[in-house]
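Me: I'm new to this structure and would like some help reading it. Could we go through it feature by feature?

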Amino acid sequence: MPSTAATHPAPASSATSKADQAAAFAKGLEGVIGGQTGVCSIEQDKLIYRGFEIHDLAAHATFEEVAFLLLEGHKPDSRELERFKAEVIAERALHPAVTTFIESAGGWLASGRAVPMDIVRTAVSILGHTDPDAQDNSAAANLRKAKRLLAKIPTIIGHMQNVIDGRALIGRELGGDPSLGHAANLLYMMTGRRPTTAEARTMDVSLILYAEHEFNASTFTCRVISGTLSDMHSAIAGGVGALKGPLHGGANEAAMDMLKEILASVGPDGIGTPKVDAWMEQAFTSKRKLMGFGHRVYKNGDHRAGILHALGRKMAATLPGTFGGIPASKWFDLGEQVQKIMLTKKNIHPNVDFPCGMTYFIMGIPVPQYTPIFVAARITGWCAHVMEQHADNRLIRPLSIYTGPAEKKWNG
Ligand SMILES: CC(C)(COP(=O)(O)OP(=O)(O)OC[C@H]1O[C@@H](n2cnc3c(N)ncnc32)[C@H](O)[C@@H]1OP(=O)(O)O)[C@@H](O)C(=O)NCCC(=O)NCCS
């Protein structure tokens with residue numbers, strides 16, 4: 001548990017005693033306030049983006065509106081929104097240097113030496129070399145870079161999936177179809193198929209839910225990097241690296257892999273039976289972390305999870321055929337059974353990554369692209385935080401408690 005001393009505003013100085021430092025220590029910075037932000041607020045009963053609550057945004061806003069809100073700082077009027085959408089659409093295509101890199105990455109992806117998140121990380125770095133504002137940290141340049149990153153990350157994901165599938169790059173010249181919105185175009189570039197309205201809206205809402213989440217690990221990484229007055233692309237490349245881990249963004253892929261593992265173990269007829277309880281018991285006994293459950297901040301449940309679960313459930317009911325061997329709704333039956341057992345036995349709620357796994361799966365999205373899609377959303381929050389850090393900077397440099405050997409003489 002965090003010590004109450006961890007929230008004291010006065011920073012530990014070199015004059016602070018070892019006892020005071022030890023009292024202020026909280027492993028994993030749990031409960032420590034790492035800074036101030038006007039971008040987002042997480043409370044046990046609310047998630048707010050710049051004053052707007054997440055249920056309200058998911059029900060009434062589009063991802064483009066939320067991206068504007070986060071990056072430009074206020075709700076757009078219709079003229080501002082049209083201008084913003086046009087700016088982003090105009091920036092969708094990739095510089096040939098980035099396209100060439102993605103085309104060359106097929107072997108690494110096929111061999112497993114690289115996963116899609118690694119390709120996104122490297123592509124973001126190369127984007128930096130191709131950006132005319134690369135070394136300019138001014139507010140205006142940062143906003144231009146943020147819009148370019150927002151526009152280009154779906155193109156990176158789409159082109160990468162085309163390379164994996166061995167097909168010609170879709171939308172090479174324009175970064176997709178300019179008549180499609182951000183979420184629909186992302187799906188189109190991955191598959192070559194224009195999504196249905198329901199598919200596009202489900203993706204749109206998932207991007208809204210993933211767009212921002214205060215001082216999570218990847219956003220904090222971006223803030224630490226930009227706090228050295230390093231540039232936006234360096235910060236975002238670091239953010240991608242942090243998001244990849246299964247304790248953070250990688251959990252949406254890991255959650256779906258876990259559900260597939262349960263299905264393989266209990267069989268389609270085992271869903272809804274005690275076989276699932278037995279699988280879970282074994283996981284508890286081996287102290288296995290179940291992916292898509294738990295949260296460092298939310299202790300009574302993640303507000304985003306219910307929104308995405310309901311949307312995915314609704315879509316599943318409309319989809320004919322089977323997905324990974326069972327009908328779409330059966331994945332939600334299994335997911336709900338797992339959720340119920342976790343809550344009853346461990347009092348642990350699902351986080352947004354749990355319904356995301358099932359929802360993206362029944363939309364036919366390849367599992368290794370789930371976390372890159374998270375990047376396509378969180379790029380807005382990361383860039384907003386980089387801009388906020390640069391606008392009112394102080395180097396982020398905490399202290400540590402030394403646990404190494406006692407001092408000794410080199411020649412003694
Ligand atoms: C997100 C996460 C890292 C938060 O961790 P945390 O705040 O450090 O919480 P802890 O790991 O200290 O967990 C507290 C207790 O709950 C248990 N717990 C937490 N999440 C769990 C999970 N997903 N599965 C099983 N047990 C879990 C821990 O084992 C621990 O039990 P203990 O006190 O008996 O040792 C953690 O819940 C987790 O690893 N979840 C799975 C990964 C995931 O879904 N990440 C996405 C987050 S949005």
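Reply: Happy to. Let's start with a definition: a disulfide is a pair of cysteine sulfur atoms within 2.5 Å. Before we use it, note that this is a predicted model, where local features need pLDDT of at least 70, side-chain atom pairs count only at pLDDT 80 or more, and totals for chains, interfaces and linings use all residues. Residues are numbered from 1 along each chain as its sequence is written, and side-chain values use heavy atoms, with hydrogens and water left out.

Me: How many disulfides does a search of the whole structure find?

Reply: Zero. Take Cys-40: its sulfur is 14 Å from the closest cysteine sulfur, the one in Cys-222, and that is too far for a bond. Cys-356 is in no disulfide either, with the nearest cysteine sulfur, in Cys-40, 18 Å away.

Me: Is Cys-40 buried or exposed?

Reply: The general idea is a cut-off on relative accessible area: buried means under 20%, exposed over 50%, and partly exposed in between (1.4 Å probe, protein chains only). Cys-40 has 6%, so it is buried. Cys-356 has 0% relative accessibility and therefore counts as buried.

Me: What share of the 412 residues of the chain counts as buried?

Reply: 50% of them. As for the surface, accessible areas come from the Shrake-Rupley method with a 1.4 Å probe, and for residues only the protein chains shown count as cover. The chain has about 19300 Å² of accessible surface, and 56% of that belongs to carbon and sulfur atoms.

Me: How do I read the overall shape?

Reply: One guide is the radius of gyration, taken over C-alpha atoms and set against a globule rule of 2.2 Å times the number of residues to the power 0.38. For 412 residues, a compact globule would come out near 22 Å, and the chain's 22 Å agrees with that. Along the principal axes, the C-alpha atoms fill a box of roughly 70 × 55 × 50 Å.

Me: How many helices and strands does the chain have?

Reply: Both are DSSP runs numbered from the N terminus: helices are H or I with at least four residues, strands are E with at least two. The chain has 18 helices and five strands.

Me: Which domains does the assignment give?

Reply: Domain bounds come from an automatic or database domain assignment. Here that gives domain 1 (40–244 + 369–391) and domain 2 (251–362). Their centres, taken over C-alpha atoms, are 27 Å apart. For the next point, contact means heavy atoms within 4.5 Å. By that test, 25 residues of domain 1 are in contact with 21 residues of domain 2.

Me: What should I look for inside?

Reply: In soluble globular proteins, nonpolar side chains tend to be buried together. A nonpolar core is a set of buried Ala, Val, Leu, Ile, Met, Phe, Trp, Tyr and Cys residues joined through side-chain atoms within 4.5 Å. The largest one here has 114 residues, and Tyr-49, Met-203, Ile-236 and Trp-331 have the most contacts inside it. Helix α18 (residues 370–391) gives the most to this core, 12 residues. Domain 1 and domain 2 each supply at least three residues to this core. Leaving out residues up to four places away in sequence, Met-203 touches several residues, including Leu-186, Tyr-360 and Ile-373.

Me: Which residues of α17 are buried?

Reply: Helix α17 (residues 353–362) has 10 of its 10 residues buried. They are Asp-353, Phe-354, Pro-355, Cys-356, Gly-357, Met-358, Thr-359, Tyr-360, Phe-361 and Ile-362. These residues pack against several elements, among them α10 (197–210), α13 (251–266) and α18. Following α17 is Gly-364, with a positive phi near 80°.

Me: Which residues other than glycine should I check for a positive phi?

Reply: Glu-214 is one of them, with phi near 55°. Glu-214 lies in the loop between α10 and α11 (217–226) and is partly exposed, at 24% relative accessible area. Lys-287 has a positive phi of about 55° as well, although it is not a glycine. Lys-287 lies in the loop between α14 (274–285) and α15, and at 75% relative accessibility it counts as exposed.
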